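Grab a pencil and have a look at the fold and its aromatic rings. The exercises below go from the overall layout down to single ring pairs.

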Amino acid sequence: MNTLEKFEADTLAAAQERSQIADFSVGDTVKVNVKIQEGNRERVQAYEGVCIARKNGGINASFTVRKISYGEGVERVFPLYSPRIESVELIRRGSVRRAKLYYLRNLRGKKARIAERTTGHGIETKESNKKGK
């Protein structure tokens with residue numbers, strides 16, 4: 001492992017310790033709390049939408065969130081380990097069969113809905129809770 005890889009690994013470990021990021025995947029509805037600087041004040045703004053893409057690249061990992069604001073589609077790309085991101089909350093798990101959901105850009109209304117995932121990876125049921133005890 002060269003010096004650059006060691007530096008990236010150390011930086012990634014430090015970023016993972018300080019961040020409050022839920023385990024989410026593409027198709028999930030997430031709420032991203034972002035720190036916004038306005039003059040000399042700083043506040044937290046929530047951005048809620050569907051995660052349509054995720055790029056895993058170590059410290060350079062990012063994800064794209066899409067929401068509909070006043071009838072217009074808005075997409076925002078967030079670096080996963082940015083110090084500007086205060087937290088990422090999982091609102092709802094989505095059941096999708098694609099890694100990138102760019103096709104949602106062409107859909108409107110009910111056609112753009114994503115079914116909720118009730119079983120599988122990351123879903124806790126009563127049975128799995130009993131086994132863990």
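Keep in mind that this model is predicted.

**Exercise 1.** Work out how many helices and strands the protein has, and in which pattern they follow each other.

*Solution.* Start by counting: you should get two helices and six strands. Then walk along the sequence, and the pattern reads α-β-β-β-β-β-β-α. For the contacts, take those between residues at least 6 apart in sequence; 54% of them join residues at least 24 apart.

**Exercise 2.** Classify the ring pair Tyr47 and Phe78, and say which parts of the protein the pair ties together.

*Solution.* First, the pair count: there are three aromatic pairs. Next, the geometry: the ring centres of Tyr47 and Phe78 are 5.7 Å apart, inside the 6.5 Å cut-off. Their planes meet at 65 degrees, which is over 60, so call the pair edge-to-face. Now place the two rings: Tyr47 belongs to strand E3 (residues 41-55) and Phe78 to strand E5 (residues 72-79), so the pair links parts 31 residues apart in sequence.

**Exercise 3.** Decide whether Tyr47 and Phe78 are buried or exposed, then find what surrounds the rings.

*Solution.* Buried means under 20% relative accessible area. Tyr47, at 7%, is buried, and so is Phe78, at 3%. Both rings belong to one aromatic cluster with Phe24 and Phe63. Finally, look for charges: Arg54 sits over the face of Phe24, 4.5 Å from the ring centre, while Arg76 sits over the face of Tyr47, at 5.7 Å from the ring centre.

Terms used: Residues are numbered from 1 along each chain as its sequence is written. This is a predicted model: local features need pLDDT of at least 70, side-chain atom pairs count only at pLDDT 80 or more; totals for chains, interfaces and linings use all residues. Side-chain values use heavy atoms; hydrogens and water are left out. Rings of Phe, Tyr and Trp (its six-membered ring) pair if their centres lie within 6.5 Å; planes under 30 degrees apart count as stacked, over 60 as edge-to-face and the rest as tilted. Helices (H or I, at least four residues) and strands (E, at least two) are DSSP runs, numbered from the N terminus. Buried means under 20% relative accessible area, exposed over 50%, partly exposed in between (1.4 Å probe, protein chains only). A charge sits over a ring if NZ of Lys or CZ of Arg is within 6 Å of the ring centre and within 35 degrees of the ring normal. Contact means heavy atoms within 4.5 Å.
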